[in-house]
Amino acid sequence: MKKALKRSLSLVLALAMVVTGFAVTADKASAKAKNYKTYIMFADSTWKVQNGMSDDACKGAKTIKNKKGSQKVSLTINRKDLDGASESITSTTVLCVDIVDLMKDYKESKVKISNVVVKVDGKKVAISGAKLKQGYIEKEHQSEGNYKYRLELFNEYGDTKADPCAAPEKFAFKKSLSISFKIKLK
């Protein structure tokens with residue numbers, strides 16, 4: 001009887017380990033995102049023309065695939081689609097690219113953005129790549145669910161205010177603003 005009890009108990013424990021192992025593996029696999037919503041965050045100097053001040057109010061969003069290696073990304077916002085489109089833009093207060101939830105799946109050191117090109121109304125804007133800031137810039141808002149990786153070109157409230165990659169008025173546009181870049185995930 002003891003042998004039968006030991007065998008039954010062994011079988012139950014083995015089955016429990018298999019089920020638990022499967023559940024943990026399934027949890028990890030389903031937790032990783034397949035894509036990441038990516039968009040241009042823009043606000044003019046008066047805050048009347050805006051894009052992407054919240055993840056659900058962004059125009060021109062695209063997705064980055066969750067795959068190791070490099071991929072090229074091109075984003076465009078068209079003036080006619082933005083809040084406050086009839087207002088004139090003379091300068092910018094905020095110009096960033098946000099990649100939603102990327103920091104849930106990757107360490108900051110495993111992400112690198114390069115080859116950044118900005119075009120205003122189809123014309124390339126000269127920027128200093130060394131003055132761009134990128135990373136988990138708003139890490140302090142993680143408790144609020146913010147896991148965005150950010151490329152900051154200019155932010156009146158950020159580190160790029162003192163030393164921007166280009167003068168904020170260079171980003172004023174009449175028709176469209178586009179940003180393309182290469183992103184590498186390790």
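C165 counts as buried in this predicted model, at 6% relative accessibility. C96 is buried as well, with a relative accessible area of 0%. What number of disulfides does the structure hold? The count is zero.

Let's step back to the overall fold. The protein has two helices and 10 strands. Read from the N terminus, the elements follow the order α-β-β-β-β-β-α-β-β-β-β-β. Of the 186 residues in the protein, 37% are buried. Contacts reach far along the chain: taking those between residues at least 6 apart in sequence, 75% join residues at least 24 apart. The protein exposes about 11200 Å², and carbon and sulfur atoms supply 54% of that area.

A word on confidence is useful here. The mean pLDDT of the protein is 86, with 83% of its residues reaching 70 or more. Residues 11-30 are a stretch to read with care, since pLDDT stays under 50 there and the model has zero contacts for them beyond four places in sequence.

Now for the charged side chains. A search of the whole structure finds 10 salt bridges, including the three in this table.

| Salt bridge | N to O distance |
|---|---|
| D55 and K148 | 2.9 Å |
| K148 and D98 | 3.7 Å |
| E108 and K139 | 3.5 Å |

The side chains of D55 and K148 meet in a salt bridge. This pair links distant parts of the chain, 93 residues apart: D55 sits in the loop between β2 and β3, and K148 in the loop between β8 (133-135) and β9 (149-155). D55 counts as partly exposed, at 26% relative accessibility, while K148 counts as buried at 15%.

K148 also meets D98 through their side chains. D98 lies in strand β5 (residues 92-99) and K148 in the loop between β8 and β9, so the pair ties together parts that are 50 residues apart in sequence. D98 is buried, with a relative accessible area of 0%.

The bridge between E108 and K139 joins the loop between α2 (102-105) and β6 (111-120), where E108 lies, to the loop between β8 and β9, where K139 lies, 31 residues apart. E108 is partly exposed at 33% relative accessible area, and K139 counts as partly exposed at 43%. Which residues do salt bridges with shared partners join into one network? They are D55, D98, E138, K148 and R150.

Finally, the surface has a nonpolar patch of about 320 Å², made by W47, M53 and Y157. M53 is found in the loop between β2 (50-51) and β3 (62-65), and M53 is partly exposed, with a relative accessible area of 32%.

Terms used:
Residues are numbered from 1 along each chain as its sequence is written. This is a predicted model: local features need pLDDT of at least 70, side-chain atom pairs count only at pLDDT 80 or more; totals for chains, interfaces and linings use all residues. Side-chain values use heavy atoms; hydrogens and water are left out. Patches are made of residues with over 30% relative accessible area and no salt bridge: like charges are joined within 9 Å, nonpolar side chains (Val, Leu, Ile, Met, Phe, Trp, Tyr) within 5 Å. Accessible areas come from the Shrake-Rupley method with a 1.4 Å probe; for residues, only the protein chains shown count as cover. A salt bridge is a side-chain nitrogen of Lys or Arg within 4 Å of a carboxyl oxygen of Asp or Glu. Helices (H or I, at least four residues) and strands (E, at least two) are DSSP runs, numbered from the N terminus. Buried means under 20% relative accessible area, exposed over 50%, partly exposed in between (1.4 Å probe, protein chains only). A disulfide is a pair of cysteine sulfur atoms within 2.5 Å. pLDDT is the predictor's confidence in each residue, from 0 to 100. Contact means heavy atoms within 4.5 Å.
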